[in-house]
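Ready to practise reading a structure? Work through each exercise yourself, then check the solution below it.

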Amino acid sequence: MELLWMIATVLFLYSSLSFLWKAFDCRRNQNCYLLDYVCYKPSDDRKLSTELCSDVIKRNKRLSMPDYKFLLKVVVNSGISEETYGPRSIIEGREESPTLDDCDDEVDDCMYSTLDKLFHRTGISPGDVDVLVVNISMFAPAPSLTSTIVNRYKMREDVKTFNLSGMGCSASPIAIDLVNNVFETRKRTLAVVITSESIAPNWYCGTDKSMMLGNCLFRSGGCSFMLTNDPSLKHRAKMRLKCLVRAHSGANDDAYSCAMQKEDTDGRVGFHLSKSLPKVAVRAFTENLQTLAPKVLPVGELALYVIRGLRHRLRRSKETKAYAGKAVRVNFKSGVEHFCLHTGGAAVIDAVGSALGLNKYDVEPARMTLHRWGNTSASSLWYVLGYMEAKKRLRRKDRVLMLSFGAGFKCNSCLWEVLRDLEDGGAWEDCIQAYPPQSLVNPFMNKFGWVSEA
Amino acid sequence: MPRAPLPEFSSSVKLKYVKLGYQYLVNNFVTLLLIPVMAAVYLELVRMGPEEIMGLWRSLRLDLIQILCSFFVIIFAATVYLTSRPQPVYLVDYACFKPPTTCRVPFSTFMEHTRLISSDEKSVRFQMRILERSGLGEETCLPPANHYIPPRPTMEASRAEAQLVIFSAIDDLVRKTGLRPKDIDILVVNCSLFSPTPSLSAMIINKYKLRSNVRSFNLSGMGCSAGLISVDLARDLLQVHRSSNALVISTEIITPNFYAGNQRSMLLPNCLFRMGAAAILLSNRRRDARRAKYRLVHVVRTHKGADDRAYRCVYQEEDAEGHSGISLSKDLMAIAGEALKSNITTIGPLVLPMSEQLLFFLTLVGRKLINPKWKPYIPDFKLAFEHFCIHAGGRAVIDELQKNLELSAEHVEASRMTLHRFGNTSSSSLWYELNYIESKGRMRRGDRVWQIGFGSGFKCNSAVWKCLRTVKTPVDGPWSDCIDRYPVDIPEVVKL
């Protein structure tokens, strides 16, 4: 009977320990690690200088002089340098009638060059990839781009592919959300995400001003990154995902139609950006921050915010005029060290920066990315991250906030924790020494400065 | 004198019973094993007598602490076990778009339009031959923009078609389930060949005023099997988010994809693809389990893209004149068959009863070790499923699958009739087929359904559903006005 008692005790101990281990093990799968990322650097023959932009604009014979002046003004004042890249079809004069091959080539070049580098750097073979996500908003051929990658890299039959499309400039956090959800249902999974945009088939050749802005600001770019929830790869990972917040204000009609791909009165398809875009962006931004702040900020800061808010309200009720205009600010820098802002344009960066209470140092990565790469849509966040890494700003335990906006209208954000000191130059390697430049003014300001005059 | 022919073994009744008995024995092996064990335990207890049993109990010397600890451990173990099990995913209900009669394209209309649009007599005759052998009926529908001569594939018309098909399906679903748009937590939309910015998911969020924290995903370019990819994604999301529901929209927008050229391999989609959409409500809430129609058992995805032939068999490209269209290669059937075989090797062990798996395994071993001339054993999937929904990609696809899986005409009736009535509606066809089976009153509680989709890439995706309650014949829905006319006999060639 002693034996029976001992066996019973051993069994109970074993079962309790194994169940505890199982519960602990479930928790371990729920981390999403960023192993590595590679930003796309097109070849130099694809650089779009202001002069070249001006030539391309002039090729559109439907434009009148005021339109031409307007466009050139946008380009000159955009904060975009001479070093940004465009698709070959536009540079070679085929912007009005790109072939399917042009579109395929543009996207394939980006995907293959970044993926080759990614697999080489991480040492992981394509056959080990379990989940593949591609997000390219404005080009979705059949078979999908995910199938193109599966074919090129001979991936396994049971690879889970997802081809996201139409989700705008803030699609990077959406792809990460998708992968994160899949990670929570499977152990030791490896995911590769490719994010880019297709410019070649979307050049607008009409005369509607609201649609011409896209032509001036969007540039070629892309990024491939690898995520995993395998704890054994943690030591190689660069960052860990802490939280992700998505806010969709599409229920509001203004928000839905403020950034929309549609036909103009002549039947030409273009990307329309309405005047209410800034207002819509602010609303979406606020909604996102309301959910993000409690997850990101330390308890002390949140408590201070509540106290300040109460005080503000009390004062407002007593002295209405003095405090009516002032809003209570939250200091995001108490919970976040680095800010990756979507490079939608100089105005967007400045507006977001001032809303978050950021200084010149904080918005520098976004500003410099806009200068060097232009608005590369969903992949811009990764170029901004690359700048920070190349400047050796990312230290262990730092927190990085990625914030982006997109058509729909969405505002998505995600918070990462840096796991080790990062020093890789990446796509910025050859030019980081020249940043920040003395002046961001377009060198052709003298030549084209007349466009700013009345 | 002519010898009597050898009796057909497979049709011998006695042998059938032997086969049934064998299946029953193998499938319930573990349960049957329990009987002798229980008998032995009972005999032992009877032999020991009550005093000995009490003595045994007392000798364990369990005091209060140990009893409490063991109690705690049992409860803890039960909780961990229950919470770590994957959450069941229920299909509460679904709705299919019923095209208006004004959009109908009978053969005569289609041929007349084709003759007026195309200058090439050969390609007109080719399209006529396709239509004659297609298995389509006279009631399939094309969107309004395609009724113009020539069709007007503008973005505005594409959005209009999307709004028509998707909103109708969602309105139907809302009416049937009492779903409030504000309650939708997850939205997944798949539409292969039309992907505007903002996405179709944003269009739905705008129209129905969904919440700002809805998790929306818009899948595009993923072909005719994308419906099951969306279901797979929704299932993964529902595993993570407790007490949530997901709205899945599967559709294909025809308007922007009219092929205006004359290359034969690219003319087939014009002839076969038709308007359709389906809206599906999935949930993991316990209270929905009571009213749900089906429970999702498995989703298996197979991607054959690594093989170049498979990758190129459904390919969007431009012809010599610069017209964009989808070209279908001649290898399509062979590749579909291979993709299905790969999918079956994964899904087989999950759904086939033990008897079939054992036979398959033994035949495989026999072929490898004893005699390679043995015929490969094709597992009898009719034992695993009561109903089959095969993507109505075209007559040839259905024929091929019927042959490969050894299905009867009744099993593929839903697919054939859907192809006849609605044409190839791409990813939503599986839902029209399911609706056909329900409309015929064949769906009983406990029935298992196998949905198989094929798509560009080349993918073969399967989903297995289990029916939770006998489905009453629907009074509305796409089949309500014509179900009595079905099934129809579809001739090999319809002379035009």
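**Exercise 1.** In this predicted model, work out how many residues of strand S3 (residues 160-164) of chain A are buried, and on which faces they lie.

*Solution.* Start with the count: 5 of the 5 residues in S3(A) are buried, so the strand is mostly covered, with "buried" meaning under 20% relative accessible area. Next, sort them by side. Lys160(A), Phe162(A) and Leu164(A) sit on one face, while Thr161(A) and Asn163(A) sit on the other. Both faces of S3(A) turn out to be covered.

**Exercise 2.** Find the sense in which strand S2 (residues 131-136) of chain A pairs with S3(A), and name the residue opposite Thr161(A).

*Solution.* Look at the bridges: S2(A) and S3(A) are joined by 5 of them, in the parallel sense. Then pick out Thr161(A) in S3(A); across from it you'll find Leu132(A).

**Exercise 3.** Describe the contact between chain A and chain B, going from the overall totals to a single salt bridge.

*Solution.* First, the residues: chain B puts in 69 and chain A puts in 66. Second, the area: the two chains bury about 5500 Å² between them, and 56% of it is on carbon and sulfur atoms. Third, the charges: there are 6 salt bridges between the chains. Now zoom in on one of these, where the side chains of Lys160(A) and Asp232(B) meet at 2.9 Å, N to O. Helix H8 (residues 226-240) of chain B gives the most to chain B's side of the contact, namely 8 residues. Finally, split that side by class: 26 nonpolar, 27 polar and 16 charged residues.

Conventions. Residues are numbered from 1 along each chain as its sequence is written. Chains are lettered from A and ligands numbered from 1 in the order in which they are written. This is a predicted model: local features need pLDDT of at least 70, side-chain atom pairs count only at pLDDT 80 or more; totals for chains, interfaces and linings use all residues. Side-chain values use heavy atoms; hydrogens and water are left out. Contact means heavy atoms within 4.5 Å. Buried area is the accessible area (1.4 Å probe) that two parts lose on being put together, summed over both. A salt bridge is a side-chain nitrogen of Lys or Arg within 4 Å of a carboxyl oxygen of Asp or Glu. Helices (H or I, at least four residues) and strands (E, at least two) are DSSP runs, numbered from the N terminus. Ala, Val, Leu, Ile, Met, Phe, Trp, Tyr, Cys and Pro count as nonpolar, Asp, Glu, Lys and Arg as charged, and the others, Gly among them, as polar. Buried means under 20% relative accessible area, exposed over 50%, partly exposed in between (1.4 Å probe, protein chains only). Two strands pair if DSSP finds at least two bridges between them.
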